[in-house]
Amino acid sequence: MSARARLSARARRITVFAGDLGPRAVGRWRGGVRLHGLIECLLALGHDVGVIGFGPAEGLGDLGSRVASVHVAPRRAAPAGLRDLLRAARASRGELLLAHKLRPLSFGVALLARRLSRRPLMLDLDDDEMRFAPTSSGWRALARAEGPWRQLEHPRYFRWLERRARSVDRLTAASTELARRFDGELLPTARDTDRLDPSRFDGRAERARLGLDPAQRLLLFAGAPRPYKGLEDLLHALEALPAEPPCRLLILGGSPYDDYHDHLMRGWPQRVVRRPAVAPAEVPAYLAAADLVVVPQRDTPITRCQLPLKLLDGMAMARPVLVTRVGDLPEIVGDAGFVAEPGDPDSLRRQLEAFLGDAEGARRRGEVGRQRALQRFSVKAVARRLEALLPPADAGG
């Protein structure tokens, strides 16, 4: 028996379709995305987990050595890529198929596997994938010998998959908006609250070790900055605050798509500090060193569907958090943090003033967040919910 309690009544063989494991997708965060939490929950339940994905297996992080099997195929354009998809589908040995994300390299392969094996299929969603699909070039371009149809992530394929999402035996989603849109079940995202444990870290010591200014109030944003994530609104709010105490926005990571983080640093050189993305094992140290974790999302179709993991990580580490009133964020935070209106620098400024003016109150909010994370987002808590949602063995076909 593993160190974690085995919560499942009966172990099953489950094949997880992980999609693109490359450095611009799952592998970008080296083990810190929702997919890894799903696999952690299945392992905690005692299930025999196999993973099928595309690109370098390093995208699985240390989970690659803990699962029963890993089948990794190269990511290539059609027609060779279509043959790779078929080979990947045939590699499935699970009694249950679980596809993460509504994308051709995960759900598309899982549909092929279900057709071949007649096994039940579960689909898990954490984003509005069509919003991230490349721009469509139309049917005439698809027909060209070298047309975009050869790219397996073309929008036409996404639309085809969306129409088949409701054909699965169970659909789970990270947000209320996605669950509503696809008639699915809300499944919280699991975080490793043993690794994200504030009792294991000394914030002052970590700040010194990381070379961060001890005199500054550090507002941490961990992830890829994009315009819809509201960092410009936050920086405008920071500009309106008094010079003392000095507040800085620490961006941990950066955009793998463009130079947007450079735009922020050029626009607010006295307010922005940036560090490159780090391995998940190093993230708790940055959280311990931070004074406030910020998730200032703008209200957009993309953000209403998302649940930023940086928020859950901050709560698990007993950091006070600042969010905007978008999607599920206010309900998740409750009295564990500060809630501002989206796209409103003045509202963000008022919440920052409330944070700066009551250090003891901010500390108490952080403690409330830790308890919420343990109760709702720990691997053990989410694993119990996941086990209740797994399709029965006789589903599918």
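Strands β8 and β9 (residues 247–253) run parallel to each other and are joined by 7 bridges. The model in which this pairing appears is a predicted one. Within the pair, Arg-217 has Cys-247 of β9 as its bridge partner. The connection between the two strands passes through helix α8 (residues 231–239), and the resulting β-α-β crossover is right-handed.

On the matter of further pairing, β8 is also joined to strand β11 (residues 292–295), again in the parallel sense, over 2 bridges. Here Leu-220 is the residue that stands opposite Val-293 of β11. Strand β8 itself, spanning residues 217–223, is mostly covered, since 5 of its 7 residues are buried. The helix of the crossover may be considered in the same terms: α8 is largely enclosed by the rest of the structure, because 7 of its 9 residues are buried. These buried positions are Leu-231, Glu-232, Asp-233, Leu-234, Leu-235, Ala-237 and Leu-238.

A second region of pairing is an open sheet of 7 strands, with parallel pairing and the order β3-β2-β1-β4-β5-β6-β7. Its edges are formed by β3 (69–73) and β7 (185–186), each of which pairs on one side only. Inside this order, β4 and β5 are paired in the parallel sense by 4 bridges, and His-100 stands opposite Asp-124 of β5.

Helix α3 (residues 104–117) can be described with reference to this sheet. The helix contains 14 residues and extends 18 Å from its first C-alpha to its last, which is close to the 20 Å expected at 1.5 Å a residue. Why is α3 described as largely enclosed by the rest of the structure? The reason lies in its burial: 10 of the 14 residues of α3 are buried, so the helix is largely enclosed. The buried set comprises Pro-104, Leu-105, Ser-106, Phe-107, Gly-108, Val-109, Ala-110, Leu-111, Ala-113 and Arg-114. The elements that cover these residues include the strands β1 (13–20), β2 (48–54), β4 (96–100) and β5 (121–125), together with the helices α2 (80–90) and α5 (155–164). Just after α3, Arg-118 adopts a positive phi of about 60 degrees.

Attention may now turn to a single residue, Thr-324, which belongs to strand β12 (residues 321–324). Is Thr-324 buried or exposed? Its relative accessible area is 0%, and Thr-324 is therefore buried. A polar atom of the Thr-324 side chain lies 2.5 Å from the backbone oxygen of Gln-297. Gln-297 is also among the contacts of Thr-324 that remain once neighbours within four places in sequence are left aside; the others are Val-295, Pro-296, Leu-329, Pro-330, Val-339, Ala-340, Glu-341, Pro-342 and Leu-348.

The cysteines complete this account. How many disulfides does a search of the whole structure find? The search finds 0 disulfides. Two cysteines may be noted for their burial: Cys-41 counts as buried because its relative accessibility is 1%, and Cys-305 counts as buried because its relative accessibility is 0%.

Terms used
Residues are numbered from 1 along each chain as its sequence is written. This is a predicted model: local features need pLDDT of at least 70, side-chain atom pairs count only at pLDDT 80 or more; totals for chains, interfaces and linings use all residues. Side-chain values use heavy atoms; hydrogens and water are left out. Buried means under 20% relative accessible area, exposed over 50%, partly exposed in between (1.4 Å probe, protein chains only). A polar contact is a pair of N or O atoms within 3.5 Å; within protein, one must be able to donate a hydrogen and the other to accept it, and residues adjacent in sequence count only if both atoms are side-chain atoms. Contact means heavy atoms within 4.5 Å. A disulfide is a pair of cysteine sulfur atoms within 2.5 Å. Two strands pair if DSSP finds at least two bridges between them. A crossover is right-handed if, with the strands pointing away from the viewer, the path from the first strand over the helix to the second runs clockwise. The expected span of a helix is 1.5 Å times one less than its number of residues.
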